[in-house]
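User: I am new to this structure and would like to understand how its descriptive labels are justified. Could you take me through the reasoning behind them?

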Amino acid sequence: MNKTTLLLSSSVPQHITQAADIIKQGGLVALPTETVYGLAADGLSSMAIKSIYEAKNRPQNNPLILHVSSIEQALTLIELPTDITKKRFAKLASLWPCALTIIAKKSCIVPKEVSYGLDTVAIRMPDHKICLKVIELLNRPVAMPSANISTRPSPTCAQHVISTLNNRIDAVLDGGECSLGLESSVVDITQKNPTIARLGSFLKDDIETCLSERVELNLSSKNNPISPGQAFLHYSPKVKKISYVFEDDLEKYWFSDCSLLITKLQFEKMSLLGNRPNLSFCICLPDNDILYANKLYDSLYQFERYPNKDLVIVEPAYEHGIWPAIKEKLFKAAMKL
Ligand code: TXA
Ligand code: MG
């Protein structure tokens with residue numbers, strides 16, 4: 001798997017065509033989306049999909065999302081056997097393109113490698129012109145997990161992709177920083193009640209408003225998660241040890257020389273008590289959920305500059321908006337299964 005990874009730029013029109021050509025020929029290209037960079041392969045080719053699992057070192061029982069550029073294309077990939085699922089799909093898909101992934105029964109054209117062992121498939125239309133252009137040129141769906149080696153933080157710029165997948169994939173199409181920086185929310189419309197299988201950038205309240213139905217959460221990594229990806233270690237930067245602690249415990253870490261991830265308000269409160277030791281490293285992120293999410297993965301990568309230090313992540317003290325999704329990612333970054 002030692003290939004030279006081409007660096008392509010989304011501002012060069014020929015590079016966009018070249019990205020689509022490489023995927024057409026069965027290759028792997030990291031593409032920008034509004035959430036995170038995805039590792040794209042031809043979504044209808046078993047061989048190409050197998051190479052995604054290999055390049056990412058991804059367990060085969062963690063299924064992939066197929067990305068489409070039109071609702072017609074999505075409809076070729078799914079079955080909607082009941083009126084309820086038809087209505088739910090029509091309502092949610094009318095919100096596309098956006099950071100919302102829909103799980104439905106899969107049609108016979110979906111290769112089994114997309115979601116080994118499941119009779120469902122996850123579909124999303126990304127809100128990103130360049131990514132949609134590549135899918136249109138290809139005229140096929142692309143299978144696209146986040147473009148990082150499994151267990152590492154998701155990539156929000158081309159440099160993050162290179163830092164874990166260089167020489168393992170054919171190309172990266174550099175489209176600058178992702179505007180959201182946090183993955184899509186995943187909702188399963190095949191359950192009795194529509195069920196969120198992964199929290200992300202799209203608000204649960206907005207899904208409920210769109211469906212006019214109560215939406216449930218199934219995020220547990222132990223009790224039969226409906227989204228197998230929930231069960232794996234994720235988002236972890238390479239540092240000595242990672243802990244996720246409550247704000248009440250911050251004082252003790254403030255005066256130790258660990259690396260710290262805190263919010264600006266937490267930083268201001270602690271600064272009143274005194275300075276941190278020399279050479280200690282601290283990143284403080286905004287107290288606004290959207291802005292925090294936007295810099296989260298980049299911050300996790302930055303801590304890798306201090307691989308021999310312990311990293312302490314302090315829980316932000318908020319519950320509204322996409323804070324639950326952010327806190328779940330932080331918890332998982334520190335979790336050792
Ligand atoms: O924002 C995103 O969703 C990004 C960009 C690239 O689109 N993609 C992404 O893919 O985050 P990935 O593979 O890192 O995460 C996909 C999630 C996993 O948690 C997986 O278990 C779940 O979606 N998933 C995929 N297919 C599923 C299915 N048929 N049933 C349940 N969960 C599924
Ligand atoms: Mg991922």
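Analyst: What follows is a set of questions and answers on a predicted model, in which each label is set against its cut-off.

User: Why is Thr5 called buried?

Analyst: Thr5 has a relative accessible area of 12%, and buried means under 20%, so Thr5 is called buried. Its place is in the segment before β1, which covers residues 6-9. Thr5 touches several residues that are more than four places away in sequence, among them Ile162, Leu165, Asn166, Arg168 and Val172.

User: What makes the side chain of Thr5 a partner in polar contacts with Asn167 and Ile169?

Analyst: A polar atom of the Thr5 side chain lies 2.7 Å from the backbone nitrogen of Asn167, and the backbone oxygen of Ile169 lies 2.8 Å from a polar atom of that side chain. A polar contact requires a pair of N or O atoms within 3.5 Å, and the values of 2.7 Å and 2.8 Å both satisfy this distance cut-off. Asn167 has a further feature, for it takes a positive phi of about 70° just after α6.

User: How do you know that α6 is mostly covered?

Analyst: Of the 8 residues of α6, 6 are buried, namely Ala158, His160, Val161, Ile162, Thr164 and Leu165. These buried residues pack against β2 (29-31), β3 (38-42), α2 (46-56), β9 (171-174) and α10.

User: Why are α6 and α10 described as oblique to each other?

Analyst: Helix α6, residues 158-165, packs against helix α10, residues 289-302, at an angle of about 45°, with the axes 11 Å apart. Angles under 35 degrees count as roughly parallel and those from 65 to 115 as roughly perpendicular, and an angle of about 45° falls between these ranges, so the two helices are oblique. Their crossing is left-handed, and in it His160, Ser163 and Thr164 of α6 meet Tyr297, Asp298 and Tyr301 of α10. By class, the residues of this contact divide into 2 nonpolar, 3 polar and 1 charged.

User: What makes α10 roughly parallel to α11?

Analyst: The axes of α10 and helix α11, residues 323-334, cross at roughly 25° and come within 10 Å. Because angles under 35 degrees count as roughly parallel, this pair is given that description. On the α10 side the contact is made by Asp289, Tyr292, Ala293, Leu296 and Tyr297, and on the α11 side by Trp323, Ile326, Lys329 and Leu330. The classes here are 7 nonpolar, no polar and 2 charged residues. The crossing of α10 with α11 is left-handed.

User: Why are α1 and α5 called oblique to each other?

Analyst: The axes of α1 and helix α5, residues 129-138, cross at roughly 50° and come within 9 Å. Since the range for roughly parallel ends under 35 degrees and that for roughly perpendicular begins at 65, the pair counts as oblique. The crossing of α1 and α5 is right-handed. Ile16, Thr17, Ala20, Ile23 and Lys24 of α1 meet Ile130, Lys133, Val134, Leu137 and Leu138 of α5, a contact with 7 nonpolar, 1 polar and 2 charged residues.

User: How do you know that Ser10 counts as buried?

Analyst: Ser10 has a relative accessibility of 17%, and the cut-off for buried is under 20%, so Ser10 counts as buried. Ser10 is found in the loop between β1 and α1, the latter being residues 13-24. Leaving aside neighbours within four places in sequence, Ser10 is in contact with Ile16, Ile130, Leu173, Asp174 and Gly175.

User: Why does Thr151 count as partly exposed? And why does Ser212 count as exposed?

Analyst: Exposed means over 50% and buried under 20%, with partly exposed in between. Thr151, at 34%, therefore counts as partly exposed, and Ser212, at 62%, therefore counts as exposed. Thr151 lies in the loop between β8 (142-143) and α6, and its phi is near 80°, a positive value in a residue other than glycine. Ser212 lies in the loop between α7 (204-211) and β12 (216-217), and has a positive phi of about 50° although it is not a glycine.

User: Which kind of peptide bond joins Trp96 and Pro97?

Analyst: A cis peptide bond joins them, with omega about -5°. Pro97 lies in the loop between α4 (83-93) and β6 (100-106).

Terms used
Residues are numbered from 1 along each chain as its sequence is written. Chains are lettered from A and ligands numbered from 1 in the order in which they are written. Side-chain values use heavy atoms; hydrogens and water are left out. Helices (H or I, at least four residues) and strands (E, at least two) are DSSP runs, numbered from the N terminus. Buried means under 20% relative accessible area, exposed over 50%, partly exposed in between (1.4 Å probe, protein chains only). A polar contact is a pair of N or O atoms within 3.5 Å; within protein, one must be able to donate a hydrogen and the other to accept it, and residues adjacent in sequence count only if both atoms are side-chain atoms. Contact means heavy atoms within 4.5 Å. Axes are lines fitted to C-alpha atoms, for helices over the stretch in contact, and angles run from 0 to 180 degrees between N-to-C directions. Angles under 35 degrees count as roughly parallel, over 145 as roughly antiparallel, 65 to 115 as roughly perpendicular and the rest as oblique. A crossing is left-handed if the near helix is turned anticlockwise from the far one by less than a right angle, and right-handed if clockwise. Ala, Val, Leu, Ile, Met, Phe, Trp, Tyr, Cys and Pro count as nonpolar, Asp, Glu, Lys and Arg as charged, and the others, Gly among them, as polar.
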